[in-house]
2 protein chains.
Amino acid sequence: MDYFLYKKGKLYCDGLAVEKIVKDFSTPLYVYSSRTILEHFVKIKKAFAKLKPLICYSVKANSNLSIMKLMVENGAGLDIVSGGELFRAKKIKCKPEKIVYASVGKTDQEIKQAILYGILMFNVESLAELNRINSVAKSLRKKVTVALRFNPDVEANTHSYITTGKKENKFGMDSESVSWAFLNKSSFPNLSICGIHIHIGSQITEGAPFVSAVKKTKQLITSLRANKSEINYLNIGGGLGIVYNDEKPQTAKEFADLILPLLEDLKVRLILEPGRFIVGNAGILVTSVTYIKEALTKRFVIVDAAMNDLARPSLYGAYHKILPLNKSLGTLENNEKKTDIVGPVCESGDFLGKDRQLSVKQGENISVFGAGAYGFSMSSNYNSRLRVAEVLVKNRKAYLIRKRENYSDLVRNEVII
Amino acid sequence: MDYFLYKKGKLYCDGLAVEKIVKDFSTPLYVYSSRTILEHFVKIKKAFAKLKPLICYSVKANSNLSIMKLMVENGAGLDIVSGGELFRAKKIKCKPEKIVYASVGKTDQEIKQAILYGILMFNVESLAELNRINSVAKSLRKKVTVALRFNPDVEANTHSYITTGKKENKFGMDSESVSWAFLNKSSFPNLSICGIHIHIGSQITEGAPFVSAVKKTKQLITSLRANKSEINYLNIGGGLGIVYNDEKPQTAKEFADLILPLLEDLKVRLILEPGRFIVGNAGILVTSVTYIKEALTKRFVIVDAAMNDLARPSLYGAYHKILPLNKSLGTLENNEKKTDIVGPVCESGDFLGKDRQLSVKQGENISVFGAGAYGFSMSSNYNSRLRVAEVLVKNRKAYLIRKRENYSDLVRNEVII
């Protein structure tokens, strides 16, 4: 569900013609729909209303300050994974008590900054990290709240790169390590260990893996409590899948209907960490056709966006729907010829879509859908390409929320010797 | 071959202790050896000396200004693929007559800038682009030299993402299109079409694909000349493979010995475009061990560099040798346990090496070898991580050639609404 809709063959974002936005801001361009963002947020909030969870928006999905601010203004907290994301959270004045911090590799400096800001809690990924946070907290004379990330060893049926809850993944701890930490919490006098965190992966379209992970977690909590451990928080992470092509992902309500019954008697403060679910379908990448190239067996639509702007097709083999901004312009005469939509980067891995049917002409603009999450946030300057601009549509007005880079940005930190 | 050598168990770069460099510039850090760079350049130059080719360093492999300048000062030209790379070339004052420009998606603006700078030639990838360059040249009242990129349809036996000379790739033109363009060159009055360009891929370790491509190209040139076309330039691209693990790539001399006999009677100015061959083994990524995490079946060495700093393992499944800076520190007691070297980025695709034997402790520094090409140039700010610093060692002195980013850099172009 999103508010990128065609009216009389022309694409609109929140009621604003995308072609008009492109005229003002040029291509390649990320365009986000605030209405879509907020509607997804509300869907999760409503679905879980019974437990009044803290919903922490997963910043890594799309870390633009204006999008973070939109979430926070509407009541969300933030799920951060680095010092850079903490810096962003401060920049938009997110209340520290609404911030949770996960990552397998938190450095001393990052831990210190987060403690000083007073974040709600760290999600701790290893015993080594537990020691580290305790000692940084000690040096600051602080007591710090932590949840332990439990790796429930479940199969999430998603791309192996974004599966995170199997025992062979680098994330979380097994139940023995978690239990050991709770039993030995006196060894960590500067920590209040009182929560469990799980996160089994990303773009998961079915409920079963979540149910299985939550059931295992419930067992663990029960056994911990039997040993007199206090568990006040349960963070069940993110990972809800969205529609890129023809997936039929569970809705927020279906998800809540499966999970809520398992949690109602648990007496914990529930935390959720949606990212892709909020912004994934709320963004498109608009790109212009530079050349059409007819090869013997294929047609190549060469556009001005590339793998450096949107890495997902190349990195994960991800599918993104691609359509013209103006459907009425297209001719269907060459419909039978398979078309690859490719960028100008000098490698064959640079494609946005393969074997499509897309009828467009040189100079036309096309839209790559589902580009709101892990789009700009993964972009690079590969081939010395400038990172593109980002626009957020809000109340029928298009706001520039990130300026297009210029050539000086490319070499800003370089030193010629 | 490179000048990253161990002496008494400690790693040196061009005779300078890497541990010392790290002390001054911190981790994660790219460290480059100018001696290795120049030695590879000389190897190619010597191997092809008979034909005195123009050797254009492929900027996309590593576009740091100081590395480009090192190449240009030593006599190289530049192979560029974007307006950003042209900007870089101007910045280090590369002579325009030593610049060749390839890319399937050159925009009007990029073409115009390159013509105004007076580059040697464009390598043209399609008939649509040929038209475009002609019309931009016309608007500027210039006559512009072009080579046509011929796609010889050969199998390069490398990763599919970096194979570029098969007919299903987006690159180049088939022989019919090339012939058509030469026969109809009067349709392009502002172009001097007088060269052929081929480039069959990257990291190619054997000679056969090159020989096959050059033979096909020779046939094409012969048939073009029979039709009274003038061919003054032959650009055989780059693609020479290097040693990442246990490859046994052809040497520059072996390569030249295969290719030169094919070219000697051709009477063309030869152009070469080496990139990875020059810088690939001339760079390492030094990273510090943040945590050691023992899981049931595996050990994870969690370091402060990640997939955003070096994308090759994640994107291509590429192998990079990984060793401690100080070999004598390691203990071998857990030698039997397989070790993954992973970064702090929140996805399982974030790894630098898998199933290795690596004996290191928390706080130690390790080196990821073969990181000079397609390392920093592909790096991003994913997970709001700061892009790292780059250091070039020259005459036994370490020079900072790119400053580490700071948090303000992350949000420099963002606008909070």
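User: In strand 10 of chain A, which residue is the bridge partner of Val146(A)?

Analyst: Happy to start there, and please keep in mind that this is a predicted model. Strand 9 of chain A pairs with strand 10 (residues 191-197) of chain A in the parallel sense, over 6 bridges. In strand 10 of chain A, the bridge partner of Val146(A) is Ile193(A).

User: And what is the bridge partner of Phe122(A) in strand 9 of chain A?

Analyst: Here we turn to strand 8 (residues 121-124) of chain A, which runs parallel to strand 9 of chain A and is joined to it by 3 bridges. Within strand 9 of chain A, Phe122(A) has as its bridge partner Val146(A).

User: How many residues of strand 9 of chain A are buried?

Analyst: Strand 9 of chain A covers residues 144-149 and is mostly covered. Of its 6 residues, the number buried is 5.

User: Which helix joins strand 9 and strand 10 of chain A in a right-handed β-α-β unit?

Analyst: A good one to trace in the structure. The helix in question lies across strand 9 and strand 10 of chain A, running at about 155 degrees to strand 10 of chain A. Together with these two strands it makes the right-handed β-α-β unit, and it spans residues 175-183: helix 7 of chain A.

User: In what order do the 8 strands of the barrel in chain A come?

Analyst: The pairing in this barrel is parallel. Its neighbouring strands are turned by 30 degrees against each other on average, direction ignored. The 8 strands close in the order 5-6-7-8-9-10-11-12.

User: At what angle does helix 4 of chain A run to strand 6 of chain A?

Analyst: Let us first place the strands: strand 6 (residues 77-80) and strand 7 (residues 99-102) of chain A pair in the parallel sense over 3 bridges. Helix 4 (residues 83-91) of chain A lies across both strands. Its angle to strand 6 of chain A is about 160 degrees.

User: Which are the edge strands of the open sheet with the order 1-2-3 in chain A?

Analyst: This open sheet has 3 strands with antiparallel pairing. An edge strand here pairs on one side only, and that picks out strand 1 (4-7) and strand 3 (16-17) of chain A.

User: Why does Ser229(A) count as buried?

Analyst: Ser229(A) lies in the loop between helix 8 (208-226) and strand 11 (233-235) of chain A. Leaving aside residues up to four places away in sequence, Ser229(A) touches Phe182(A) and Leu224(A). Buried means under 20% relative accessible area. Ser229(A) counts as buried because its relative accessibility is 8%.

Key
Residues are numbered from 1 along each chain as its sequence is written. Chains are lettered from A and ligands numbered from 1 in the order in which they are written. This is a predicted model: local features need pLDDT of at least 70, side-chain atom pairs count only at pLDDT 80 or more; totals for chains, interfaces and linings use all residues. Side-chain values use heavy atoms; hydrogens and water are left out. Buried means under 20% relative accessible area, exposed over 50%, partly exposed in between (1.4 Å probe, protein chains only). Helices (H or I, at least four residues) and strands (E, at least two) are DSSP runs, numbered from the N terminus. Two strands pair if DSSP finds at least two bridges between them. A crossover is right-handed if, with the strands pointing away from the viewer, the path from the first strand over the helix to the second runs clockwise. Contact means heavy atoms within 4.5 Å. Axes are lines fitted to C-alpha atoms, for helices over the stretch in contact, and angles run from 0 to 180 degrees between N-to-C directions.
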